[in-house]
Structure formats: structure tokens, C-alpha cells
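Here are my notes on the model you sent round. Have the structure open while you go through them.

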Amino acid sequence: MSNQNDVKFADFPLSETIHQSLDQAGFERPLPIQAACIPPALEGKDVIGLAQTGTGKTAAFAIPIIQRLANKMELGALVLAPTRELAAQITAAFNELGKSSGLRVATIVGGVPMEQDFAALRSWPNVLVATPGRLNDHIENGRLLLDEIEVLVVDEADRMHDMGFIPQIHRIIAALPRKRQTMMFTATMADDVERIARKNMRDPVRIQIGITAPAHRAKQEIFELAEDAKRPLLLKLLRKSTGRVLVFARTKRGVDSLTRIVNARRLKAAKIHGDLEQGHRDESLANFRSGHCPILIATDIAARGLDVSGIEHVINYDFPHNAEDYVHRIGRTARVEASGLATSFATPLDRRFVNDVRKLIGDKLPKPTRLESYSVASTKVTPEKKPKGRYRSGRRSGSQRRAATKSG
Ligand code: AMP
């Protein structure tokens with residue numbers, strides 16, 4: 001087998017216009033997932049890609065679809081994505097690589113007025129990118145016929161499963177022709193995902209791109225500290241940082257309150273979580289992308305699949321309870337060619353979750369540095385030291401107490 005590093009886009013039977021679009025996008029060589037996925041996909045085979053966002057998987061399925069559907073009139077491909085943001089990114093990738101080939105892409109996602117969907121569908125798309133809920137709404141109300149679909153892509157199937165979309169996906173698949181090509185991308189092969197694959201795919205080619213690939217390039221650090229020491233440390237890190245920072249909190253309310261606190265300190269933060277109106281989410285992303293708000297505070301679900309380049313620092317304000325979420329979160333930095341820093345806060349109650357991550361990614365996870373709350377509240381962040389002299393850990397000096405109250 002040829003070394004994947006030697007593979008060139010010129011090795012694939014792609015149209016001249018696609019090659020030009022790849023040049024314009026600055027894609028010099030296929031990334032490993034593309035080198036492995038494009039040839040079988042061009043042959044019409046079913047493909048399961050075990051890869052997470054940041055590996056180049058979108059182009060891995062978009063390029064063969066563009067080649068197959070360019071200049072066709074029918075709606076020939078359906079791409080399902082778990083979140084609106086991911087759907088928007090996939091649409092952007094199809095536009096970037098497919099527009100010159102005459103490809104027309106439409107997006108159908110929840111949270112926007114129905115009129116927008118009708119306008120999108122009237123544009124005679126040949127690729128439809130959709131989230132499952134809204135798409136089902138259209139199918140069930142007879143507003144959309146999918147009987148010309150030749151290619152189905154289920155992106156981030158594991159997250160679809162986590163978000164409870166599997167029944168919806170079954171209903172959508174039932175509305176598609178049985179004779180079609182199916183491609184599925186997932187970071188992990190959960191049992192339910194495996195079941196969908198077995199039931200709906202024909203002899204799929206399996207391609208695995210290391211789950212921790214993007215994480216390799218990110219430098220990681222973990223601070224173990226008390227819950228009430230997290231906020232002052234976050235503010236300190238945000239004040240120090242110069243580039244884009246993505247902060248993860250566990251709950252929507254946590255995102256709301258952290259955003260308020262950070263903005264009250266005149267650090268510009270945008271927020272994103274599932275309860276926000278689509279307009280608000282779009283604005284947050286645009287502000288983060290443009291650098292107007294260099295800080296984005298998000299829940300996992302909203303941030304999943306975000307493709308924002310130049311995120312230098314990911315901060316896990318709340319340590320994730322699911323080890324794979326850790327990998328996804330830190331994969332937001334160090335994407336493709338870049339490198340970045342991932343800082344995680346873990347309270348003593350999070351130790352078992354830290355161990356879960358260690359089981360998943362092994363020694364790449366550094367040992368936690370223990371921080372005493374007093375040192376966090378002061379101006380220096382110092383690793384735990386043996387208390388000297390009469391000082392007892394947990395006791396603060398007057399100025400430290402004042403500093404803690406002020407910043408908390
Ligand atoms: P994805 O995993 O699809 O979200 O892609 C991650 C990033 O990689 C996106 O910003 C793409 O534009 C970029 N990308 C995809 N393929 C290539 C390539 N062959 N060369 C350079 N960058 C790429």
C-alpha cells in the first residue's frame with residue numbers, strides 16, 4: 001500500500017474545477033482521512049470513517065459528492081449533522097469546494113423561521129445539509145421528497161446518539177431510496193452507532209484515524225483545585241491570554257453566569273449553548289471568529305464541531321464527565337497544522353473523570369498540578385508547596401481574602 005503521506009489530490013480522478021477549488025482553498029495535499037476515504041467514496045462504496053472534527057473529514061465526504069453531483073439537477077445528497085453550527089460549517093465547505101463545479105447547497109436547521117427553509121428548498125439544491133429534527137418535520141408534513149437521494153452522510157453519528165437523534169435518523173433513512181451510498185463519520189463506535197451501520201450500510205469500508213490525533217499537538221495541563229478557586233484562576237488566565245480562548249462549562253446556566261462575570265471584568269466574551277436563539281448563536285460565533293470577542297464560553301453540545309481557526313487556548317472550566325468529550329474539547333485547539341494549549345480545571349470530586357480520560361488517552365494526559373485556593377486568590381499561580389512556618393493551608397492573609405472577594 002502506498003504511504004498516505006505520498007498521496008496527492010492529482011492521484012484522484014477529480015474534475016479540473018474541483019482541483020482549482022482545492023488550490024484556492026489552499027489544500028495542498030489530502031489529509032490522512034481524505035487519502036483513505038476519497039478513493040472508495042468515489043467508487044460509490046459505503047464508508048465508515050472513525051475520525052473526529054479537525055481531521056479534515058468534511059472534505060473527505062464533500063469532494064466525492066461534488067464530483068458525483070456537479071451539474072445535476074436533482075437533490076442527490078443528504079448530509080445529516082447533529083448541530084446547527086456543524087451544519088453551517090459543512091455547508092460552507094461544500095460552497096468553498098463545490099461552487100465552481102455548479103453545486104447548489106441548502107441548509108435546513110431548527111431555530112430559524114420556516115420561510116427560510118422554503119426559500120432554501122426553492123433554490124433547487126443538489127446537496128441538502130440538515131439537522132434531524134427540522135428535516136423530519138418537513139418529511140412528515142410532505143414538504144420534502146427525498147426519493148432521488150443517491151448519497152447519505154451521517155456526520156458525528158456518536159453525538160447524534162448522545163443527543164437522542166437515533167429514532168429521527170431511522171425515520172429519515174426510511175424516507176430514502178434503499179439503493180444509495182451511505183457514509184458515516186463518528187469519533188467512537190458506540191453499540192447503537194454500530195447497529196445503525198449494520199442495518200443501513202452495505203459492506204462498508206472502515207477507515208480509522210486516531211481518535212486523539214488533534215490532541216497530540218495540543219500541550220495539556222491540569223490544575224486540581226477547589227471549586228471556589230476556579231473562577232479567580234479563569235480570570236487570571238483570560239487576562240494573560242492574547243489569542244482566542246474557548247472556555248467549556250458543563251451547564252447552560254454555568255455558561256450564562258461565567259459570561260456575565262467575564263464581561264463584567266471588561267474581558268470580551270461571547271457565549272454559545274443550546275437554549276440560545278439561532279440569531280444569538282450566529283452572532284456569538286461571528287464575533288468570536290472575527291476576534292471582536294476573543295473569548296467564547298460554551299457547553300459541549302454547542303461547541304462540538306466548531307471550526308474556528310486560531311484557537312490558541314482551550315480551558316475546561318468544568319472537567320468533562322465523559323472522557324471522549326475531553327478529547328473533542330481539546331481537539332478545538334491544535335487543529336490541522338496549528339498547535340495550542342489545553343488547560344483543565346479539576347476539583348477533587350473530578351478525580352475519577354480525570355482517570356477516565358487517562359484510560360482513554362494514556363500518558364499523554366499530564367499529572368494534575370495541585371493548587372491551593374490561597375495561591376490562586378493571590379496574584380501568582382503557584383503549584384502546591386509544603387506550607388512553611390506558621391502558615392496553614394486554606395488560611396488566607398487579609399490581602400488574599402480581599403483579592404478573592406474582589407475577583408469572585
Ligand atoms: P474538518 O475536520 O472537516 O472540520 O476540517 C478541519 C479543517 O481542516 C478545516 O478548516 C478545513 O478547511 C481544513 N482542511 C481540510 N482538508 C484540508 C487539506 N487537505 N489541507 C489543509 N487543510 C484542510
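1. A definition to start with: two strands pair if DSSP finds at least two bridges between them. Keep in mind too that this is a predicted model. With that in hand, look at strand 13 (residues 340-346), which runs parallel to strand 12 and is joined to it by four bridges. One pair to click on is Val314 and Ala342, the latter being the bridge partner in strand 13.

2. Strand 12 has another partner to look at. Strand 9 (residues 244-248) runs parallel to strand 12, and five bridges join the two. Here Val247 stands opposite Ile315 of strand 12.

3. Is strand 12 largely enclosed or not? Five of the six residues in this strand (residues 311-316) are buried, so the rest of the structure largely encloses it.

4. Now for the nonpolar cores. The largest one holds 41 residues, and Phe61, Ile63, Ile65, Phe94, Val127 and Met183 have the most contacts inside it. Among the elements that each supply at least two residues of this core are helix 1 (16-25), helix 2 (32-42), helix 4 (84-98) and strand 4 (127-130). Helix 3 gives the largest share, eight residues.

5. Phe61 is worth a click. Leaving aside neighbours within four places in sequence, Phe61 is in contact with Val79, Ile90, Phe94, Val153, Asp155, Met183 and Phe185. There is also a second, separate core, with 28 residues, including Leu78, Ile139, Ile169 and Val193.

6. Next, helix 6 (residues 132-140). Which of its residues are buried? They are Pro132, Arg134, Leu135, Asn136, His138 and Ile139. Their cover includes strand 2, strand 3 (105-108), helix 5 (114-122), strand 4, helix 7 (157-162) and helix 8 (166-174). Just past the end of helix 6, Gly142 has a positive phi of about 70°.

7. Last, the empty space. Searching the whole structure turns up two cavities of 30 Å³ or more. The second largest has a volume of about 30 Å³. Its lining is made up of Leu152, Val154, Ile173, Thr182, Met184, Ile196, Asn200 and Met201.

8. What kinds of residue line that second largest cavity? Six are nonpolar, two are polar and none is charged. Strand 5 (151-154), strand 6 (181-186) and helix 9 (191-200) each contribute at least two residues to this lining. Strands 5 and 6 also each supply at least two residues of the largest nonpolar core.

Terms used: Residues are numbered from 1 along each chain as its sequence is written. This is a predicted model: local features need pLDDT of at least 70, side-chain atom pairs count only at pLDDT 80 or more; totals for chains, interfaces and linings use all residues. Side-chain values use heavy atoms; hydrogens and water are left out. On a 1 Å grid over the protein atoms alone, a cavity is a set of points where a 1.4 Å probe fits but cannot get out, and a pocket is an open set with protein on both sides within 12 Å along at least five of seven lines; lining residues have an atom within 4 Å of a point. Grid points are joined across faces, edges and corners, and a volume is the space filled by probe spheres set on the points. Ala, Val, Leu, Ile, Met, Phe, Trp, Tyr, Cys and Pro count as nonpolar, Asp, Glu, Lys and Arg as charged, and the others, Gly among them, as polar. A nonpolar core is a set of buried Ala, Val, Leu, Ile, Met, Phe, Trp, Tyr and Cys residues joined through side-chain atoms within 4.5 Å. Buried means under 20% relative accessible area, exposed over 50%, partly exposed in between (1.4 Å probe, protein chains only). Contact means heavy atoms within 4.5 Å.
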